[in-house]
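Subject: The structure, and what turned up in it

Hello,

Here is the structure I promised to pass on. Have a look at it first, and then read on for my notes.

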Amino acid sequence: MKITIEEQNRLETIYQAFLNDEKILRMKDISMHRGSNCYLHSFKVAKKAIKKSLNRKDVNLEVVLLGAILHDYYLYDWRKDRSKLKKHAKNHPNIAIENAVKDFNISEEVKKVIKSHMWPLNIKDYPKSKEAKIVSISDKAVTIGESLTSKKYKQKKLDKYLSYISHLF
Ligand SMILES: [Fe+2]
Ligand SMILES: [Fe+2]
């Protein structure tokens, strides 16, 4: 899919607005796979998902972008709150949707992307749209990469990761 420079600039502007939004910055406090945090993880997924979308036809890039940035917008640390641990995998997409609706008034299409990102773990929530499939696959690829990198290495490279996510394109 060819993307015009205007569309590229439009998406970059949206990306930057989220990157610097104080509500979104709260995701930095939520730890994730081996020394990563929810903020880094979500923007890595967004970059990967947009890259994948450019190889596909008829994908709504804005839906991919918002769905990816907000797919883990659940805003609690299940590592600190053991009561949430058991049902985290099942519940966090719905919690992320509730928070995203409240804070950013997202569309039905974006909600679907968030809802199904945990498939096949949440077996009933199959990602039906192209956008949902792309975000779900990108989330898994980023998660695997994060899980294979040691915590020590990740902390050393934090600045490199922050610079990597500082731009969409
Ligand atoms: Fe998730
Ligand atoms: Fe994720």
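A word on burial before anything else: a residue is called buried if 20 or more other C-beta atoms lie within 10 Å of its own, exposed if 12 or fewer do, and partly exposed in between, with C-beta atoms placed from the backbone. Helices are DSSP runs of H or I with at least four residues, numbered from the N terminus. By those terms, V110, K111, K112, V113, I114 and K115 in helix 7 are buried.

Please keep in mind that this is a predicted model, in which local features need pLDDT of at least 70 and side-chain atom pairs count only at pLDDT 80 or more, while totals for chains, interfaces and linings use all residues. Residues are numbered from 1 along each chain as its sequence is written, and chains are lettered from A and ligands numbered from 1 in the order in which they are written.

**Helix 4 and the core**

A good place to start is helix 4, residues 61-70. Nine of its 10 residues are buried, so helix 4 is largely enclosed by the rest of the structure. The buried ones are L61, V63, V64, L65, L66, G67, A68, I69 and L70. They pack against helix 1 (5-19), helix 3 (38-53), helix 6 (88-104), helix 7 (108-115) and helix 8 (130-148); here, two residues are in contact if their C-beta atoms, placed from the backbone, lie within 7 Å.

L61 lies in helix 4 and counts as buried because 21 other C-beta atoms are within 10 Å. Leaving aside residues up to four places away in sequence, L61 touches L11, I50 and S53. L61 and E131 are 70 residues apart along the chain, yet their C-alpha atoms are separated by 7.9 Å.

The largest nonpolar core has 36 residues. Such a core is a set of buried Ala, Val, Leu, Ile, Met, Phe, Trp, Tyr and Cys residues joined through C-beta atoms within 7 Å. A46, A49, V64, L65, A68, L70 and V135 touch the most other members. Helix 3, helix 4, helix 6, helix 7 and helix 8 are the elements that give two or more residues to this core. In soluble globular proteins, nonpolar side chains tend to be buried together. A46 touches Y15, L65, A68 and I69, again not counting residues up to four places away in sequence.

A100, in helix 6, is buried because it has 22 C-beta neighbours inside 10 Å. With the same sequence neighbours left out, A100 touches L70, Y73, I106 and I114.

**Helix 7 and helix 8**

Back to helix 7: six of its eight residues are buried, which leaves the helix mostly covered. Helix 4, helix 6 and helix 8 are among what covers those buried residues.

How do helix 7 and helix 8 cross, left-handed or right-handed? The crossing is right-handed, meaning that the near helix is turned clockwise from the far one by less than a right angle, whereas anticlockwise would be left-handed. Their axes come within 8 Å and cross at roughly 35°; axes are lines fitted to C-alpha atoms over the stretch in contact, and angles run from 0 to 180 degrees between N-to-C directions. E109, K112 and V113 in helix 7 meet E131, A132 and V135 in helix 8.

Helix 8 itself has 19 residues and reaches 27 Å from its first C-alpha to its last, close to the 27 Å expected at 1.5 Å a residue, where the expected span is 1.5 Å times one less than the number of residues. Its buried residues, including E131, A132, I134 and V135, pack against helix 3, helix 4 and helix 7.

**Backbone details**

Most residues other than glycine have a negative phi, and most peptide bonds are trans. Three spots are worth a look with that in mind:

- W119 and P120 are joined by a cis peptide bond, with omega about 5°; P120 is in the loop between helix 7 and helix 8.
- L75 is not a glycine but has a positive phi of about 60°. It sits in the loop between helix 4 and helix 5 (82-85) and counts as partly exposed because it has 17 C-beta neighbours inside 10 Å.
- N105, also not a glycine, has a positive phi of about 50°. Its place is in the loop between helix 6 and helix 7, and with 8 C-beta neighbours inside 10 Å it counts as exposed.

Enjoy exploring it!

Best wishes
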